[in-house]
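The following explanation leads through the structure step by step, from a single loop residue to the fold as a whole. Please keep the sequence and the coordinates in view while reading.

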Amino acid sequence: MSSVLTVEQREQAGSDSYNRFEYQVHWIVCHIIGKLQEDAESIVFFLFFNDMAEFYTNNQHYEFFQIYSKEVF
């Protein structure tokens with residue numbers, strides 16, 4: 001039982017994935033707040049096709065975002 005507390009886990013994929021998704025959510029929330037401050041009208045879809053897609057109602061076009069954390073690379 002004591003080795004469970006002292007031996008480092010080999011598998012880190014779960015925590016790495018969570019950290020990347022958490023960063024993406026924070027980035028998207030900041031992006032949305034910025035759009036609200038600009039009073040820009042758009043519809044945001046997260047984790048749909050890319051990490052985030054945004055549809056601009058004024059000129060009827062989409063932008064797709066791939067969001068990477070600096071810590072991953």
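**From a loop residue to the fold**

Asp 39 is found in the loop that lies between helix H2 (13-38) and strand E1. The model is a predicted one, and the backbone at this position deserves attention. Asp 39 has a positive phi of about 60 degrees, although the residue is not a glycine. Most residues other than glycine have a negative phi. The relative accessible area of Asp 39 is 69%, and the residue is therefore classed as exposed, the cut-off being over 50%.

A second residue invites the same kind of inspection. Gln 60 is located in the loop between E2 and E3, and its phi is likewise positive, at about 55 degrees, although Gln 60 is not a glycine. With a relative accessible area of 56%, Gln 60 is exposed.

The loop that holds Gln 60 belongs to a hairpin. E2 and E3 form this hairpin with four residues between them, and Gln 60 is in the turn. Strand E2 comprises residues 52-56, and its pairing with E3 is antiparallel, over five bridges. Within this pairing, Phe 55 has Tyr 62 in E3 as its bridge partner.

Tyr 62 also takes part in a feature of the surface. Together with Ile 43, Phe 45 and Phe 64, Tyr 62 makes a nonpolar surface patch of about 390 Å². Strand E1 (42-46) and E3 are the elements that give two or more residues to this patch. Ile 43 has its place in strand E1. Its relative accessible area is 40%, so Ile 43 counts as partly exposed, between the limits of 20% and 50%. For the protein as a whole, the exposed area is about 6,200 Å², of which carbon and sulfur atoms supply 57%.

Attention now turns to charged side chains. How many salt bridges does a search of the whole structure find? The search finds one. Lys 35 forms a salt bridge with Glu 38, and the closest N and O atoms are 4.0 Å apart. Side chains of opposite charge can pair when their charged atoms come close. The positions along the chain are relevant here: because Lys 35 and Glu 38 are three residues apart in helix H2, about one helical turn separates them. The two partners differ in their surroundings: Lys 35 counts as buried, at 15% relative accessibility, whereas Glu 38 is exposed, with a relative accessible area of 57%.

These details can be placed in the overall fold. The protein has two helices and three strands, and along the sequence they follow the pattern α-α-β-β-β. Of the 73 residues in the protein, 18% are buried. Among the contacts with a separation of 6 or more, 20% are accounted for by residues 24 or more positions apart.

Finally, the confidence of the prediction should accompany any reading of the coordinates. The mean pLDDT of the protein is 77, and 66% of its residues reach 70 or more. Where is confidence lowest, and where is it highest? The lowest value belongs to helix H1 (residues 2-6), with a mean of 65, and the highest to strand E3 (residues 61-65), at 88. Where pLDDT is low, the predicted coordinates should not be read in detail.

Key:
Residues numbered from 1 in each chain as written. Predicted model: local features only at pLDDT ≥ 70, side-chain atom pairs only at ≥ 80, totals over all residues. Heavy atoms only, no water. pLDDT = per-residue confidence, 0-100. Pairing = 2+ DSSP bridges. Buried < 20%, exposed > 50% of the residue type's maximum accessible area, 1.4 Å probe, protein only. Contact = heavy atoms within 4.5 Å. Areas by Shrake-Rupley, 256 points an atom, 1.4 Å probe, with all protein chains shown as cover. Patch = residues over 30% accessible without salt bridge, like charges linked within 9 Å, V, L, I, M, F, W, Y side chains within 5 Å.
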